[in-house]
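Hi,

Here's the structure I said I'd pass along. Have a look at it first, and then read my notes underneath.

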Amino acid sequence: MKPQPISELSNFESLLLGSVKAGSPAPESDSQEQFDLIRTLVPNPVSTFFFRVDGASTVDTDMDEGDVIIVDKSVEPYNDCKAVCFINGEFTVKRVDMTGDGIVLRPCNENDTRYRPIPVSPDDEFTIWGVVTWIIKKT
């Protein structure tokens, strides 16, 4: 499957009904503002893509199987970022360890030893395709 860009940005406006306390309850707030979910999640529509996570190698980064991740190709990759990478003909999402010694794609599932770090060699066809900017979870 080849990722497709968001070609037309449509609005998903609703009222943002203020904040809700995650600690002690608070009095009801009267503040309301227009809130566009798409514009909040997708500031760069031509370089933004959605993927569904398939697998469990990233559960320790809060990316679980079935979650939807939003990936922005215009974000500069940085050490320890979560990113979709293209390596040897396949896409994978991993934590990216960029050091002076090179790049290692790190799985993040301490409970499953099947997932191993992937050192990137000069012989690999490799690119950091885009940085994960949001994780959409189903509760």
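A question to start with: is D80 buried, partly exposed or exposed? Keep in mind that this is a predicted model. D80 comes out as partly exposed, because its relative accessible area is 42% and the partly exposed class runs between under 20% (buried) and over 50% (exposed). The residue sits in the loop between β4 and β5, and its phi is positive, about 75°, even though D80 isn't a glycine.

N88 is another one to look at. It has a positive phi of about 50° and isn't a glycine either. You'll find N88 in the loop between β5 and β6, and with 44% relative accessibility it counts as partly exposed.

Now the sheet. It's an open one of 7 strands, paired antiparallel, in the order β3-β4-β9-β5-β6-β7-β8. At the edges are β3 (48-52) and β8 (118-119); each has a single partner strand, so one side of each has no neighbour in the sheet. Further in, β5 (residues 81-87) and β6 (residues 90-99) run antiparallel and are joined by 7 bridges. In that pairing, A83 stands opposite K94 of β6.

What about the nonpolar cores? The largest has 10 residues: F49, F51, V53, M63, I69, V71, V84, V93, W129 and V132. β3, β4 (68-72) and β9 (126-136) are the elements that give two or more residues to this core. Another core, of 9 residues, lies apart from it and includes A83, V96, I128 and V131.

Cheers

Terms used: Residues numbered from 1 in each chain as written. Predicted model: local features only at pLDDT ≥ 70, side-chain atom pairs only at ≥ 80, totals over all residues. Heavy atoms only, no water. Pairing = 2+ DSSP bridges. Helix = DSSP H or I, 4+ residues; strand = E, 2+ residues; numbered from the N terminus. Core = buried A, V, L, I, M, F, W, Y, C linked by side-chain atoms within 4.5 Å. Buried < 20%, exposed > 50% of the residue type's maximum accessible area, 1.4 Å probe, protein only.
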